[in-house]
Amino acid sequence: MVLQVGELKTAKKVWEAIKTRNVGAERVKEARLQTLMSEFKRLRMKKTETIDDIGGKLAEIASKAASLGETIEEPKLVKKFLKSLPRQQLIHIVASIEQMLDLDGEAEDR
């Protein structure tokens, strides 16, 4: 950054250059986050994937979102995980998990 602003003559010009650079970086960050959240919404388990594969993809998206300043809450990740599974093949597992978990964040009394 010093090389980029080193030739500027006044503090005002240096500040404007830094501010302009950060605005551009913020826009890039927002665009990356939008792309990531679109990927999150479209995510579905393919026939060739395992449950571990889809879990790994969700973890990766959550990690990338966190690095961009956005936290995806655990209940949202669990709901997405369950919605991403092929219901015809795994309905018994999905039903069991849904019965055991309160996806709004509180455990059921048993």
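This talk walks through the helix packing and three individual residues of a predicted model.

Let's start with the overall make-up. The protein has five helices and zero strands. Read from the N terminus, the order of elements is α-α-α-α-α. There are 110 residues, and 23% of them count as buried. Now the contacts. Take those in the protein with a separation of 6 or more. Residues 24 or more positions apart account for 48% of them.

Next, helix packing. Two packed helices are described by the angle between their axes and the distance between the axes. I have two pairs to show, and α2 is in both.

First pair: α2 with α3. Helix α2 covers residues 11-42, and helix α3 covers residues 51-67. Their axes are 10 Å apart, at an angle of about 160 degrees. Angles over 145 degrees count as roughly antiparallel, so α2 is roughly antiparallel to α3. The crossing of α2 past α3 is left-handed. Who meets whom? On the α2 side, we have Leu33, Leu36, Glu39 and Phe40. On the α3 side, they meet Leu58, Ile61, Lys64 and Ala65. By class, the residues of this contact are six nonpolar, no polar and two charged.

Second pair: α2 with α4. Helix α4 is residues 74-84. Here the axes lie 9 Å apart, and the angle is about 45 degrees. That value is neither under 35 degrees nor in the range 65 to 115, so α2 and α4 are oblique to each other. From α2, the residues in this contact are Met37, Phe40, Lys41 and Arg42. From α4, they are Lys76, Leu77 and Lys80. The class count is three nonpolar, no polar and four charged. Note Phe40. This residue meets α3, and Phe40 also meets α4.

On to single residues. Stay with α4 and look at Ser84, which lies in that helix. Is Ser84 buried or exposed? It is buried, because its relative accessible area is 2%, and the cut-off for buried is under 20%. What does its side chain pair with? A polar atom of the Ser84 side chain lies 3.3 Å from the backbone oxygen of Leu43. Set aside residues up to four places away in sequence, and Ser84 touches Leu43, Arg44, Met45 and Ile54.

Two of those names come back with the next residue, Glu49. Where is Glu49? In the loop between α2 and α3. This is a charged residue by class, yet Glu49 counts as buried, because its relative accessibility is 12%. Its side chain has a backbone partner. A polar atom of that side chain is 2.8 Å from the backbone nitrogen of Lys46. Beyond four places in sequence, Glu49 touches Arg44, Ile54 and Lys57. So put the two lists side by side: Arg44 and Ile54 touch Glu49, and Arg44 and Ile54 also touch Ser84.

Last residue: Leu8. We move towards the N terminus, to the loop between α1 and α2. Helix α1 is residues 2-5. Leu8 has a relative accessible area of 33%, so it is partly exposed. Leaving out neighbours within four places in sequence, Leu8 is in contact with Lys13, Val14 and Ala17.

To recap. Helix α2 is roughly antiparallel to α3, and α2 is oblique to α4. Ser84 is buried, Glu49 is buried, and Leu8 is partly exposed. Thank you.

Conventions. Residues are numbered from 1 along each chain as its sequence is written. This is a predicted model: local features need pLDDT of at least 70, side-chain atom pairs count only at pLDDT 80 or more; totals for chains, interfaces and linings use all residues. Side-chain values use heavy atoms; hydrogens and water are left out. Axes are lines fitted to C-alpha atoms, for helices over the stretch in contact, and angles run from 0 to 180 degrees between N-to-C directions. Helices (H or I, at least four residues) and strands (E, at least two) are DSSP runs, numbered from the N terminus. A crossing is left-handed if the near helix is turned anticlockwise from the far one by less than a right angle, and right-handed if clockwise. Contact means heavy atoms within 4.5 Å. Buried means under 20% relative accessible area, exposed over 50%, partly exposed in between (1.4 Å probe, protein chains only). A polar contact is a pair of N or O atoms within 3.5 Å; within protein, one must be able to donate a hydrogen and the other to accept it, and residues adjacent in sequence count only if both atoms are side-chain atoms.
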